[in-house]
Structures are given as structure tokens and as C-alpha cells.
Amino acid sequence: MTDAPLTAAAAREAIHRELARVYIGPASVVDLLLTALLAPGHALLEGVPGVAKTTLAKAFSTTLGCDFRRLQFTPDMLPADITGSYILNLRDNDFVLRRGPIFAHVVLGDEINRAPAKTQSALLEAMQERQVTIEGETLALPDPFVVLATQNPLEQEGVYPLPEAQVDRFLMKLVMGYPSPADEVKMLATYDHPRPPVQPVLDPASIKALRAAAEAVHVSEAMQVYIVALARHTRDHRRVRLGASPRASLALMRAAKARALLDGRDAVLPDHVRALATPVFAHRLVMTPEAELDGVEGADVVRDALERVRYRGPADR
Ligand SMILES: Nc1ncnc2c1ncn2[C@@H]1O[C@H](COP(=O)(O)OP(=O)(O)OP(=O)(O)O)[C@@H](O)[C@H]1O
Ligand SMILES: [Mg+2]
């Protein structure tokens, strides 16, 4: 007898339950991680130190039930520390491939902006192409292959901002803020309680099945027109130097499909698009120098787009 396939709604509920053991915070953050997983795509978690970025990314990785590696980025890290390299096997006097930690289903790139650009790009190339090249030989990465990365905001000392052209390898950027007072009190009150360890909910096969189900979610033409209008609004915006690309429009559509699936819907609704426009678009926008000086950010432009661009389609429900 085989188990019935896990529905998206059941997976979502179980993952929320597991993560609640270690992360006390808005459910929306967990939903965004799940949405990125199924879209499918990679997620970047950004926030000041001590807001549980690493805690959440590690626990979420555990629930995926896949082989998992954590890569702690440091200033002296080299690309080969990620991808691997050929090493001399003295017994046979031969070179053998030592696969790097990137060869896992789920890779946590912790504090990614602590490594120099060359090392970051080894990770970003792997994310884009799901393969790595080591001394001329191209090797495929496993499927699914998911990168969760964390970074602190860029003002800090000793960090290397991710190159603008590469940050869009991440389907989403999740900005993690401070917990609400009530959540923070709850965290203090429960921190020394023994907690059962986080348990796996999914596995590689169920992730692939859920991704296929997300792919099959319907998107109407009116919804596609809405997504493109949002992207175009950011391109034409006077505060923006580089707006959302067609790749970004596609990312928003795929994320909205994944969100609809998690919501138990077989078609994307305008609210799915609205809920994802900021995490999918904001980090890809490059502001004009004047806007930067004024402190205008990508998220402000996306908010403006959401206010001004109307969805014109059947039943906004
Ligand atoms: N919302 C929260 N729920 C539960 N624990 C939390 C929360 N916020 C912070 N903590 C606790 O605070 C500590 C710091 O968390 P963590 O190391 O994950 O933060 P971080 O955001 O990765 O920080 P850094 O940027 O310094 O790496 C952990 O012990 C974690 O359990
Ligand atoms: Mg951390």
C-alpha cells in the first residue's frame, strides 16, 4: 500500500506546525518560504542580526526532508570551497573530484554577503543553471536544488553587497523585521522549554510533485496583463534606474501559482499577485542615485505600483 500523496494544504499546515517549535513570528514569512520552494525558486532572507534568520532557514530546511548543507560564508572563502575541486590521490597518483557542499538538495548559504563577489558568484551560477563547472567539467546538481541564503543589511562593516545583476537569481527576498512585542515575550517565556526537534514533512519526490501541481495552476489572461502592468510601472517609474525585467514578471507569475496552490485554489487570484509583488520585485529594482539619497527603496516603488495599477478582469475574488 502506498501513502496518498501529500496535498499542498496538508504540507503547509504540517510545516507551520513544525516551524512554530523554533520560530515565533508571522505566518506570512513561512508562507513565503514555501511559495518560493514551489514556484520553484531560491529565497534570500535579509534582516539585522538576531532576528532568527539562520534559525528559520535551518528549521525550514529540516522540514524539507532532503539532504542539506550549510555553507558559512567568510571573507577568505574561495569558489572551490563551494563547488569542489580535483585533488591528487597519492595512492593512484591520479586526480579525483572532491564534490563541494553545493551538491545537496538544500543549501543554506549563511551570511552570503560576507564572502567576496567571486565566491558569491559560484553560488549564484549554480542557482541559475542548476549545474557547476569544475576545471572545465560540467556537473549537474540534484533535483530539487534549493538555496536559502541569509544576509545582514548592507550598512554593516566587512560585507560585500551582492552584485545587482545577480541578486535576481533569488526568486524572493524576505525582509525579516523585529518580532511583535507579544511574540518577543512568548519567545522569552519559552526559550528554555525542551522542544522536540523539528521533523521532516516533505522529501525530494513530494517536493517535485507539489511543484508540478503549482505549474498546473491556471493563470488567466487578465492576470497576466495585470502582472505585466505592475512590472512596466516599475520600469517607467521616475525614481527607478532599472525596473522589473521580463524574468521578474515570470517570477511573479510562478510565485502566484505556487501561492494559489498553497491556498487550495486551482487558479491565481489578484490577491495572490498582490501578496507577492514586493518580495518578488523589490530586490530587483535599482533606484536612481537621487532616489537612493532620499531613501526611496524598491519596496516603496512596488507599493506605488500596487496602488496605481488596477486589475481589470472578472470577479476580483
Ligand atoms: N522570532 C523568534 N523566534 C524564536 N527565536 C528567536 C526569534 N528571534 C530570535 N530568536 C532567537 O535569537 C537567537 C538568534 O537567532 P539567529 O541566530 O537565528 O539570528 P540571525 O538573524 O541569524 O542572526 P545573525 O544575523 O547574527 O546571524 C536564537 O537563539 C533564536 O532562537
Ligand atoms: Mg545567522
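Trainee: Which helix gives the most residues to the shell around ligand 1?

Mentor: This is a predicted model, in which local features need pLDDT of at least 70, side-chain atom pairs count only at pLDDT 80 or more, and totals for chains, interfaces and linings use all residues. Residues are numbered from 1 along each chain as its sequence is written, and chains are lettered from A and ligands numbered from 1 in the order in which they are written. A residue belongs near a molecule if its C-beta atom, placed from the backbone, lies within 6 Å of it, and helices are DSSP runs (H or I, at least four residues) numbered from the N terminus. With 3 residues, the one that gives the most is helix α3 (residues 53–63).

Trainee: Which domains give residues to the largest nonpolar core?

Mentor: Such a core is a set of buried Ala, Val, Leu, Ile, Met, Phe, Trp, Tyr and Cys residues joined through C-beta atoms within 7 Å, buried meaning 20 or more other C-beta atoms within 10 Å of a residue's own, all placed from the backbone. The largest has 86 residues, and helix α10 (residues 246–262) gives the most to it, with 10 residues. The core lies between two domains, because residues come from both domain 1 (8–204) and domain 2 (216–308).

Trainee: Which element supplies the largest share of the side of domain 1 that touches domain 2?

Mentor: Domain bounds come from an automatic or database domain assignment, and contact means C-beta atoms, placed from the backbone, within 7 Å. The contact takes 18 residues from domain 1 and 17 residues from domain 2. The largest share of the domain 1 side, 5 residues, comes from α2.

Notes: Helices (H or I, at least four residues) and strands (E, at least two) are DSSP runs, numbered from the N terminus. A residue is buried if 20 or more other C-beta atoms lie within 10 Å of its own, exposed if 12 or fewer, and partly exposed in between; C-beta atoms are placed from the backbone. Two residues are in contact if their C-beta atoms, placed from the backbone, lie within 7 Å.
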